[in-house]
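Please follow the chain through the part of the structure discussed below, keeping the sequence and the coordinates side by side.

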Amino acid sequence: MALDQSFVGRSYPPTDPYEVGREKIREFAEAVRDANPAYVDPGAAKALGHSDVIAPPTFVFAITFKAAGQVIEDPQLGLDYSRVVHGDQKFAYTRPVRAGDRLTVTSTIEAIKSLAGNDILDIRGEVHDEAGEHVVTAYTKLVSRAAEGA
């Protein structure tokens, strides 16, 4: 069953703040095998003009995808998550995420399309710091595969 087009433009409440820690950044950088010293060494980050270590660009996916859970789990939307695959991901940064940031995410349904029986859901996650300043926008595309025989 196709997702309801009237959900396009619907925004969900901002998440509780997520406090970015140096150790989480270090662990993430190690996991993605990115040896950039600005991710682990405050001195190296400061030499580049940052107040503390910064996070790799894809670090923010963890908090934006969790925030997109509000959309995914919305019973009125009717998305069957057992049929969902991650289709695409993009980020548009105003500034890097850095240790000490307290970030909130507001998710909005940007588009819903149906193609060959599949539903394609575009979610925009606006990430702001504690001062309300924009940090990054995450664009997530989810594809809900058509049921077999549909």
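Which residue is the bridge partner of Val-127 in β5? In this predicted model, that partner is Val-136, and the pair belongs to a longer register, since strand β5, residues 134-144, is joined to β4 by ten bridges, with the two strands running antiparallel. The link between β4 and β5 is a hairpin with five residues between the strands, and within that turn Gly-132 has a positive phi of about 85°.

Val-127 also has a partner on the other side of the account, for in the pairing of β3 with β4 it is the bridge partner of Val-105. β3 and β4 pair in the antiparallel sense over eleven bridges, and they too form a hairpin, here with two residues between them, where Ala-116 in the turn has a positive phi of about 55°. Strand β4 itself, which spans residues 118-128, is mostly covered, with eight of its eleven residues buried.

From here the path leads to Ile-112, which lies in strand β3, residues 102-115. With a relative accessible area of 5%, Ile-112 counts as buried, because that value falls under the 20% cut-off for the term. When its neighbours within four places in sequence are left aside, Ile-112 is in contact with Leu-3, Asp-4, Gln-5, Phe-7, Val-8, Leu-77, Ile-120 and Leu-121. As for Lys-141, which is 29 residues from Ile-112 along the chain, the C-alpha atoms of these two residues are separated by 9.8 Å.

Notes: Residues are numbered from 1 along each chain as its sequence is written. This is a predicted model: local features need pLDDT of at least 70, side-chain atom pairs count only at pLDDT 80 or more; totals for chains, interfaces and linings use all residues. Side-chain values use heavy atoms; hydrogens and water are left out. Helices (H or I, at least four residues) and strands (E, at least two) are DSSP runs, numbered from the N terminus. Buried means under 20% relative accessible area, exposed over 50%, partly exposed in between (1.4 Å probe, protein chains only). Contact means heavy atoms within 4.5 Å. Two strands pair if DSSP finds at least two bridges between them.
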